[in-house]
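Morning, everyone. Please bring up the model on your screens, and keep the sequence beside it.

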Amino acid sequence: KQDEGLAADVSGVWVGWWGICLGLALTLLLIGTEHRRNSREHMVRESRQDRELGARPRESPSFHRHFTTLTITREAWSKHGAKDGAVGTTTAVTTTLFEPSGDGQTPQVVVLVGAPGMGKTMMVRKVMVEWGEGMLHTHFDFVFCVDCKAITLPMEASVADLVSQCCPGLRVPAGKILDDQKKILFIFDGFEALGFPLVQPEAELSSDPREVKPLELTLLSLLKKTVLPEASLLITTRPTALGSLGQCLEGEHYVEILGFSAARREEYFHRYFENSNKGDMAFRFARGNQILYSLCVIPVMSWTICTILEQELCGTKNLLECSKATTGMMMFYLSQLLKHRDRDNPQVLQQFLLQLCSLAADGIWKHKVLFEEKEIKDCGLDQPGLLPFFLNERIPKEGEDHGSVYAFTHLHLQEFFAAMFYVLEDDGEMVSSLGRLEKDVNKLLESYSKSRKDLNVTVRFLFGLVSQKSVEYMDKTIGCRISPQAREELLRWLQGRHRGLSQPGQALKVSEMDTFRFLFEMNEKSFVQSALGHFTDLDLQDTKLTLYDQMALSFCIQHWDGLGCVTLQGCSFHWQDPEAELDASELPCPIHLLCRALRHRGSALRVLRLQWCRLSESCCAELAALLAEHPGLARLELGDSSLGDSSVRLLCEGLRTPGCRLRVLRLRYSRITSACCEDLAAVLGTSTYLEELDLSFSEGLRDAGVELLCEGLQHCACPLQTLRLGSCRLSGACCQALATRLLQGPRLTCLDLSDNELGAHGILQLFQQLRHPACPLRSLGLSVDGFSQALLQEVDTLRALHPTLKIGNLLEHDVPQAGAMARLPCHRGLLPGGRKVLPSFRRPPFL
Ligand SMILES: Nc1ncnc2c1ncn2[C@@H]1O[C@H](COP(=O)(O)OP(=O)(O)OP(=O)(O)O)[C@@H](O)[C@H]1O
């Protein structure tokens with residue numbers, strides 16, 4: 001319903017770009033010397049009037065505010081085909097259209113080429129506004145704009161009639177205006193829509209602006225310059241019509257619109273949304289989804305996304321709840337694309353789409369984005385009423401003898417149609433001329449799993465298309481039938497692929513991010529439950545999680561009841577492009593979505609591993625809230641150089657709450673100092689659950705920190721069994737405090753002090769306590785390789801007293817992945833003195 005409402009709401013916008021009548025059938029805009037100011041003002045008003053948003057004038061911003069500069073290439077085309085060699089890419093400001101080119105010549109005829117929705121009409125409007133305001137193109141006194149999409153034929157008129165008819169109040173006779181040809185610019189917008197034959201005998205054409213002829217001849221005379229040969233022309237066209245246009249023109253200059261550059265995409269979003277917060281939010285959303293962001297190069301796609309997000313923001317005020325994943329946006333785009341087609345015969349569209357999708361899929365399998373004219377014809381796609389919406393004609397290079405070649409406007413559009421190929425209902429009558437491609441979903445999925453990672457986007461769209469919502473939307477809004485049959489195959493494939501990846505006897509884990517993306521595209525709770533119900537672990541290591549990924553992950557976690565263990569070691573959580581200039585202070589903490597999902601009712605989470613994730617303080621506050629609310633969470637592993645005292649203090653708040661039942665807390669490789677140890681000691685003193693505390697490799701902890709921790713250990717309720725302080729740059733100074741607590745903390749069975757320089761005296765202090773028969777310790781971590789003979793003898797004595805006691809290096813090496821190594825406090829694991837942060841693996845075995 002919402003979708004329908006949205007489509008109805010914005011229908012006005014599409015009127016503009018799909019070339020349905022904007023107003024007058026033929027718009028001629030005119031300025032004469034004596035009327036210049038009045039006429040210009042009038043035209044500026046006209047051009048600026050935002051017809052696009054006519055449906056909602058309240059929100060209608062000025063044309064200037066909306067217009068975003070486009071990137072163009074000059075002379076990308078020539079009559080004989082695409083130019084060889086480098087093509088200059090310029091950021092277009094309209095002034096450049098009629099500026100002298102490299103050879104110093106001012107172009108008289110400019111052809112503006114662009115795929116549908118690339119912004120040709122917008123560019124024309126910009127030209128008119130700028131000229132009308134007297135800012136640009138001031139060498140023209142008269143500008144006439146012909147909207148080719150709205151011309152109704154037949155009709156007879158001379159050029160002078162056209163001028164007079166459109167400007168009835170003009171006191172200067174039209175004939176007089178036309179005398180000074182050089183001062184006139186004619187704009188033909190949407191040349192491809194001219195529905196008349198362009199080949200006419202020269203003799204039929206007019207050379208006199210006052211001569212009355214059928215309108216098609218009058219217009220053709222203007223294009224072929226048999227009349228007003230010194231007037232300038234600006235012609236916009238989709239690539240499809242370039243061939244026929246080239247036959248009419250002489251000495252033309254070609255300019256191709258390439259769309260929005262990266263910077264302009266961001267600018268467009270901010271221009272679209274009046275409210276800068278909303279603009280930021282919407283852009284962040286699009287930026288966080290690589291497919292959408294890439295599609296935003298096409299202005300109308302940017303518009304599509306903004307329009308949908310605007311609606312979402314009205315409803316939820318928060319795009320994090322936006323369920324419109326990529327497929328949803330594409331379907332909306334498609335629905336608008338086909339809005340004004342003839343709906344009388346839906347079978348024609350279904351048949352056309354079947355052929356189009358078959359072509360797209362065939363291309364995707366063969367890594368092919370260009371299609372020859374023959375293929376298009378063989379498939380029956382050469383239908384003028386439909387083809388130009390989907391495929392753009394490219395003119396071959398000089399010397400190439402095959403006909404024109406065609407391409408989809410964007411690779412992701414081809415991928416979308418390729419996915420549709422697998423699910424579009426076929427009434428059996430269609431005889432595919434491609435014929436070769438099998439509609440076999442399993443083959444697609446298997447190839448993707450094995451080697452064809454490039455099929456990822458196609459598979460993603462496939463999941464999106466078979467959702468219940470999509471099937472209904474496509475049927476109702478577009479009139480095209482999708483079969484949800486493939487759902488079963490998709491489900492079996494998802495269940496099977498991770499089973500294969502999990503080791504026998506180990507927990508069944510999901511370790512591919514794309515699974516979550518697929519499930520998010522489908523967006524069905526029950527499907528997630530069926531797909532993930534058998535798995536217990538999630539393990540994504542060293543993955544860069546975009547905002548889209550986080551949304552997908554969080555959606556799946558919320559509906560994954562059996563999820564017990566989450567390992568996201570070395571992952572990064574991006575809410576925006578790291579290089580973006582957007583203010584990040586307003587953003588929720590990077591793991592907000594994850595924590596929110598993990599808190600869902602019925603969550604079976606026991607273990608959460610987030611080492612090497614560079615978590616900020618605000619993340620620790622979120623984790624504290626999670627600890628407080630999630631009594632099932634038993635093990636939390638964090639740690640890297642971003643974890644400091646204030647972060648640990650925040651965590652301690654969560655640890656002290658009655659709801660927290662954490663048993664194991666690992667805070668390794670951190671920056672913590674003795675400053676936060678009082679808080680940790682308080683936790684040790686009060687928690688009745690915490691059994692293991694691991695602060696290994698936290699080099700700022702030092703002896704003072706350990707002494708403070710020992711205060712907590714003395715409480716008789718302290719259930720701590722394992723305390724790991726390996727590689728914390730401790731000296732013998734902390735040994736007295738530790739030795740005393742060895743007997744007081746009745747449950748402490750493992751103390752790891754490996755890779756610290758405790759000195760013989762400190763070690764002997766510990767050994768002395770170990771001799772006591774009541775000492776519960778079973779493992780003592782020490783670096784024994786430098787032990788003196790006397791110390792070794794002590795070890796033997798202790799072993800005789802406690803045969804099960806282990807003394808030796810206990811450091812556990814959860815060495816981070818290659819990428820995460822760079823995030824260590826000191827580069828490449830070396831401290832300033834050359835000492836290794838990560839201890840050597842070459843340790844002697846336990847004594
Ligand atoms: N420069 C721009 N600045 C802001 N928005 C733009 C710009 N260009 C295009 N758009 C958006 O894209 C939509 C389509 O643009 P436009 O109608 O100019 O495309 P077109 O190339 O003329 O398409 P068609 O070939 O279908 O006529 C516009 O209605 C507008 O929403």
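I'll go from the overall numbers to two sheets, then the core, one helix residue and a database annotation.

Ground rules first. This is a predicted model: local features need pLDDT of at least 70, side-chain atom pairs count only at pLDDT 80 or more, and totals for chains, interfaces and linings use all residues. Numbering starts from 1 along each chain as its sequence is written.

Overall picture. The protein has 34 helices and 27 strands. Those are DSSP runs, numbered from the N terminus: H or I with at least four residues for helices, E with at least two for strands. Of the 847 residues, 46% are buried. Buried is 20 or more other C-beta atoms within 10 Å of the residue's own, exposed is 12 or fewer, and partly exposed lies in between, with C-beta atoms placed from the backbone. Now contacts, where two C-beta atoms, placed from the backbone, lie within 7 Å. Take those between residues at least 6 apart in sequence: 81% join residues at least 24 apart.

On to the sheets. Two strands pair if DSSP finds at least two bridges between them. In general, strands of a sheet pair through backbone hydrogen bonds, either parallel or antiparallel.

Start with the open sheet of 11 strands. Its order is 15-16-18-20-21-22-23-24-25-26-27, and the pairing is parallel. Strand 15 (509-510) and strand 27 (806-808) are the edges, each pairing on one side only. Zoom in on strand 16 (residues 537-539) and strand 18 (residues 565-567): they run parallel, joined by three bridges. There, Leu 538 has Val 566 of strand 18 as its bridge partner.

Next, an open sheet of three strands, order 12-14-13, antiparallel. Why do strand 12 and strand 13 each have one side without a neighbour in the sheet? Strand 12 (371-372) and strand 13 (391-394) stand at the edges with a single partner strand each, so one side of each stays free of a sheet neighbour. Strand 12 meets strand 14 (residues 405-408) over two antiparallel bridges. Phe 371 has Tyr 406 as its bridge partner, and Glu 372 stands opposite Val 405. On the other side, strand 13 and strand 14 share four bridges, again antiparallel. Arg 394 is bridged to Val 405 there.

Now the core. A nonpolar core here is a set of buried Ala, Val, Leu, Ile, Met, Phe, Trp, Tyr and Cys residues joined through C-beta atoms within 7 Å. The largest one has 239 residues, and Cys 357 and Cys 556 touch the most other members. Helix 15 (residues 346-365) gives this core its largest share, nine residues. Who does Cys 357 contact, leaving aside neighbours within four places in sequence? Phe 417, Ala 418, Met 420, Phe 421 and Leu 424.

One helix residue: Ala 681, in helix 29 (residues 677-686). Ala 681 counts as buried because 22 other C-beta atoms lie within 10 Å. Beyond its neighbours within four places in sequence, Ala 681 contacts Leu 708, Leu 709, Glu 711 and Gly 712. From Ala 681 to Glu 707 is 26 residues in sequence, and 9.7 Å C-alpha to C-alpha.

Last, the annotation. An unreviewed UniProt entry lists residues 12-33 and 291-310 as "transmembrane region". UniProt positions follow the numbering used here, feature names are shortened, and annotations may be inferred rather than shown by experiment. In the model, residues 291-310 are 85% helix and 0% strand, with the end C-alpha atoms 19 Å apart.
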